[in-house]
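Let's take a walk through this structure together, one stop at a time. Have the picture open as you read.

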Amino acid sequence: MTEHITIIGAGLSGLSAAIRLAELGVSCALVSLQPSERAQSVLAEGGINAALDTMGEGDTPAEHFADTMRGGADLADPNAVAGLTGNAPELVRRLYALGAPLQAERGRLILRNFGGQKKKRTAYAKSSTGKVLMTALIDEARRYEAAGLIRRFSHHELTGLSVDCGRCTGAVVRDSHTGRGLRFPGPVLLCCGGPGGLFPGMTTGTTANSGTAAALAFAAGAALGNPEMIQYHPTTVQIPNKRMLISEAARGEGGRLFVRRGSENWYFMEELYPALGNLMPRDVVSREMVRVCALPECGDQVFLDMTGLPKDTWRRKLPDLRAEVEHYLALDPAKQPIPVSPGIHYFMGGLLVDEAHRTTVPDLFAAGECACQYHGANRLGGNSMLGAIYGGRVAAEAAAPHAVGGEPAALGSLPSETVTAAFAATLRDVLLSGLGILREKTGLTQALARLDALAALERSEADRRQRLLGRAMLLAALARQESRGAHTRTDFPERNDARFQKTTVARFRDGGIDITFQAIPERRAAP
Ligand SMILES: Cc1cc2nc3c(=O)[nH]c(=O)nc-3n(C[C@H](O)[C@H](O)[C@H](O)COP(=O)(O)OP(=O)(O)OC[C@H]3O[C@@H](n4cnc5c(N)ncnc54)[C@H](O)[C@@H]3O)c2cc1C
């Protein structure tokens with residue numbers, strides 16, 4: 001192998017990083033538990049944001065920047081967000097040029113409304129945007145696989161990180177089929193997705209992303225940023241073993257939320273927030289759903305009403321969504337409202353990275369949903385795929401100069417890293433008891449005590465790592481004594497900029513976890 005970098009994860013961020021490295025002439029080992037075709041990125045539905053201004057609304061990257069910062073409750077790094085939003089139009093045009101069949105008319109990309117944004121800014125492919133973007137990047141990556149610049153190690157799991165004198169010097173991975181290990185030398189780029197596996201049955205995402213890869217990095221010295229910031233998507237439906245997402249595109253195309261109040265349907269978001277209504281950011285909508293359901297005069301179920309959507313919208317823009325609802329809920333959303341409730345959907349927090357996607361451990365990088373970057377205290381719909389693809393490129397550019405030579409070394413058999421299902425279910429219940437939409441000190445303290453007691457139930461290293469990550473989330477939520485974005489403390493209902501307009505930083509030290517708060521970088525003047 002020539003000079004290379006090891007990438008863990010082959011979803012949007014991992015593929016994007018691999019392609020960028022290849023463009024720079026640097027080879028990589030692209031390691032993933034599952035093949036790209038099964039990464040969570042394939043599930044993404046509604047779209048990807050870029051101020052392309054193809055709808056004649058005068059949209060600009062500056063407005064995309066402002067919406068992203070405001071949506072994230074001013075907790076994101078403004079310089080990183082400026083890079084993201086400034087580069088978004090070119091990045092999305094490039095994806096289209098690569099062959100992703102985004103909705104277009106005579107070469108002009110069509111954009112839809114998404115939450116927290118006043119202008120149409122979300123490019124899409126019906127409700128299967130993640131799938132078409134992944135297909136385009138998988139195809140592009142194959143060109144470089146043929147040239148030997150990208151080497152795939154699918155069905156391989158990260159089981160160890162080597163850190164010497166505080167610097168990352170390699171990754172140990174285990175072949176899930178043979179059990180045999182490999183040690184890759186050199187810098188590592190983690191693109192391992194959000195820790196959905198901490199919330200089996202309660203998340204719209206895949207539990208195959210167990211979170212244990214990020215926990216390995218945390219235990220090896222990499223700090224976490226804002227681990228308490230967990231996004232509850234307002235419109236999900238419980239189905240066996242998971243939460244089914246009703247994409248924000250449903251509201252973007254005209255879907256309306258209501259609750260029964262006496263004999264009427266109360267379209268509460270439209271009354272409470274006349275400007276953006278049903279398209280307020282997700283944290284606001286989820287919180288209001290919990291609040292209206294607690295009112296004595298209201299029912300305890302919120303419905304998504306899409307019965308007024310034109311036939312053409314169903315046919316051209318949301319056919320997959322309609323088919324899914326018909327299949328799983330046995331109701332036709334064009335004729336009947338859908339009962340919905342908030343479910344865990346995204347992790348704004350993750351491995352703390354700087355603008356170049358360097359973690360706090362030299363030569364260890366992170367991008368995509370496993371990293372804390374771009375989304376502050378609440379992510380806007382359509383910004384995640386953008387952040388994963390853009391972040392992968394930025395991380396690759398930062399990692400490339402550190403590439404080293406050397407072949408992977410064979411290590412013999414390694415123990416399996418499986419999370420025990422019963423442990424994961426108990427851990428989920430403990431975490432949810434503290435980390436709901438509404439939080440307060442007693443619930444968080446009790447959850448921490450229950451978490452400690454779970455040590456007796458651990459059956460694997462993976463169980464232990466999941467508990468470590470959960471502990472960081474609870475401690476961070478306890479320390480942030482204010483309400484901001486996705487983090488609502490009923491005992492501290494106000495936003496407190498003086499004390500907490502800062503990044504929560506969790507560090508693993510001497511077997512314990514320290515929580516501190518770090519200033520957000522000042523915005524640099526435009527060059
Ligand atoms: C139902 C749904 C709909 C969504 N819709 C949208 C949308 O419309 N717009 C938007 O912007 N975002 C959307 N998102 C969010 C978005 O899809 C994700 O945040 C994004 O795709 C994450 O990409 P990623 O590269 O970080 O991770 P992933 O795509 O999750 O990839 C993670 C990779 O890491 C590998 N991996 C994990 N753990 C290990 C390990 N221990 N060892 C080795 N490999 C490992 C996995 O196998 C995988 O290859 C949606 C999410 C869901 C769940």
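The expected span of a helix is 1.5 Å times one less than its number of residues. Keep that in mind for helix H14, which covers residues 461-479. With 19 residues, H14 should span 27 Å, and its end C-alpha atoms are indeed 27 Å apart, so the expected span and the model agree. Bear in mind that this is a predicted model. H14 is also mostly covered, with 14 of its 19 residues buried.

Now head over to the ligand. It has 37 residues around it, and the closest are Ser13, Ser41, Gly46, Glu369 and Ser384. Sorted by class, that shell holds 14 nonpolar, 19 polar and four charged residues. Look at a few of the contacts up close. In the side chain of Ser41, an N or O atom sits 2.5 Å from an oxygen atom of the ligand. The backbone joins in too: a polar backbone atom of Leu12 is 3.3 Å from a ligand oxygen, and a polar backbone atom of Gln34 is likewise 3.3 Å from an oxygen atom of the ligand. How much of the ligand does the protein bury? On its own the ligand exposes 1,000 Å², and the protein buries 98% of that. As for where the shell comes from, the elements giving two or more residues to it are helix H1 (12-23), strand E9 (156-164), strand E19 (338-347) and helix H11 (383-399).

Next, a little sheet. Three strands make up an open sheet in the order E3-E7-E6, with antiparallel pairing. Strand E3 (48-49) and strand E6 (111-112) are at the edges, and each has a single partner strand, so one side of each has no neighbour in the sheet. E6 and E7 run antiparallel and are joined by two bridges. If you want a spot to zoom in on, find Leu111, which stands opposite Ala123 in E7.

Stay around E7 for the next stop, since the loop between strand E7 (122-123) and helix H4 (129-146) is where Lys126 lies. Its phi is near 45°, which is a positive value in a residue other than glycine. Is Lys126 buried, partly exposed or exposed? Its relative accessibility is 38%, so Lys126 counts as partly exposed.

His155 also has a positive phi, about 60°, although it is not a glycine. Look for His155 in the loop between strand E8 (150-154) and E9. With a relative accessible area of 28%, His155 is partly exposed.

Technical notes:
Residues numbered from 1 in each chain as written. Predicted model: local features only at pLDDT ≥ 70, side-chain atom pairs only at ≥ 80, totals over all residues. Heavy atoms only, no water. Near = heavy atom within 4 Å. Polar contact = N/O pair within 3.5 Å; in protein donor to acceptor, adjacent residues only side chain to side chain. Areas by Shrake-Rupley, 256 points an atom, 1.4 Å probe, with all protein chains shown as cover. Helix = DSSP H or I, 4+ residues; strand = E, 2+ residues; numbered from the N terminus. Nonpolar A, V, L, I, M, F, W, Y, C, P; charged D, E, K, R; others polar. Buried < 20%, exposed > 50% of the residue type's maximum accessible area, 1.4 Å probe, protein only. Pairing = 2+ DSSP bridges.
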